[in-house]
Amino acid sequence: MDTQKIIQFITRPEKILLGVNSKLALKLNLQPIIMRVVFVVLTLLFIPLGLLAYLGVYLVLNKMAGKMVTFALIGALLGIPFSYYFQSEMVQRMAGGITGYVKNFVTIVDDVDRFVGSGMDIIWDALIGVVVFTLIGGAIGYFMDKSKQKID
């Protein structure tokens, strides 16, 4: 495969998905490839954070989404640390608080899986926390949008 064509495709200034990297690179006076690498690394290091940051930047740059989507994204981001409260007492003791839960999430899952055999339960509880807070944020944003429509 021609590496020159691949490089031209990845570094092009036009949008590939939502145009986030191109617009952000233009605003920051950087090459689009730099922004793409940043989002890929962020996604690989902190799986939900990179995707949520990408969508969040899209909303900020386009200002076309209503409050429902914005608050749902904020709820999803808050759902990650607050899923601590959906965990069992044993997991909460192992974590020692929300900060320890977020920092040591993978270690806690591995330890519980090794000693108890139910590491997937922690992941499902975290996912439930994210979904619940996403729904709460979406509902708040929905009602804010509705009240704004009544005023207009």
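User: Is glutamate 89 buried, partly exposed or exposed?
Analyst: Happy to start there, with a note that this is a predicted model: local features need pLDDT of at least 70, side-chain atom pairs count only at pLDDT 80 or more, and totals for chains, interfaces and linings use all residues. Residues are numbered from 1 along each chain as its sequence is written, and side-chain values use heavy atoms, with hydrogens and water left out. Buried means under 20% relative accessible area, exposed over 50%, and partly exposed in between (1.4 Å probe, protein chains only). Glutamate 89 has 60% relative accessibility, so the class is exposed.

User: Which residue meets glutamate 89 in a salt bridge?
Analyst: A salt bridge here is a side-chain nitrogen of Lys or Arg within 4 Å of a carboxyl oxygen of Asp or Glu. The pair sits four residues apart in helix H6 (residues 89-95), so about one helical turn separates the two. The partner is exposed too, at 63% relative accessibility. With an N to O distance of 3.9 Å, the side chain that meets glutamate 89 is that of arginine 93.

User: How many salt bridges does the structure hold, counting the one between arginine 114 and aspartate 111?
Analyst: Arginine 114 and aspartate 111 meet at 3.5 Å, N to O, and they are three residues apart in helix H8 (residues 105-115), so about one helical turn lies between them. Arginine 114 is exposed at 55% relative accessibility, whereas aspartate 111 is partly exposed at 22%. As general background, an α-helix has 3.6 residues a turn, so residues three or four places apart point the same way. For the structure, the count of salt bridges is two.

User: How many helices does the protein have?
Analyst: Helices (H or I, at least four residues) and strands (E, at least two) are DSSP runs, numbered from the N terminus. Read from that end, the elements run α-α-α-α-α-α-α-α-α. There are zero strands, and the number of helices is nine.

User: Which helix gives the most residues to the largest nonpolar core?
Analyst: A nonpolar core is a set of buried Ala, Val, Leu, Ile, Met, Phe, Trp, Tyr and Cys residues joined through side-chain atoms within 4.5 Å. The largest one has 11 residues, among them Val20, Phe39, Tyr54 and Leu73. Two or more residues come from each of helix H2 (20-28), helix H3 (32-45), helix H4 (47-62) and helix H5 (67-82). With four residues, the top contributor is H4.

User: How many residues make up the second, separate core?
Analyst: This second core includes Tyr84, Tyr101, Ile108 and Val112. Its residue count is nine.

User: What is the phi of asparagine 29?
Analyst: Asparagine 29 lies in the loop between H2 and H3, and its relative accessible area of 72% makes it exposed. Most residues other than glycine have a negative phi, and most peptide bonds are trans. Asparagine 29 has a positive phi, near 60 degrees.

User: Which residue 58 places along the chain from phenylalanine 133 has its C-alpha 4.6 Å away?
Analyst: Phenylalanine 133 is found in helix H9 and is partly exposed, with a relative accessible area of 22%. Beyond neighbours within four places in sequence, its contacts (heavy atoms within 4.5 Å) include Ala76, Gly79, Phe82 and Phe86. The residue with a C-alpha atom at 4.6 Å is glycine 75.

User: What is the area of the nonpolar surface patch that includes leucine 135?
Analyst: Leucine 135 is in helix H9 (residues 119-151) and is exposed at 59% relative accessibility. Patches are made of residues with over 30% relative accessible area and no salt bridge, joining like charges within 9 Å and nonpolar side chains (Val, Leu, Ile, Met, Phe, Trp, Tyr) within 5 Å; areas come from the Shrake-Rupley method with a 1.4 Å probe, and for residues only the protein chains shown count as cover. Met120, Ile123, Trp124, Leu127 and Val131 join leucine 135 in a patch of about 590 Å².

User: How far apart are the end C-alpha atoms of residues 122-144?
Analyst: The unreviewed UniProt entry places the feature "transmembrane region" at residues 33-61, 68-86 and 122-144; positions follow the numbering used here, feature names are shortened, and annotations may be inferred rather than shown by experiment. Residues 68-86 are 79% helix and 0% strand, with end C-alpha atoms 24 Å apart. Residues 122-144 are 100% helix and 0% strand, and their end C-alpha atoms are separated by 33 Å.
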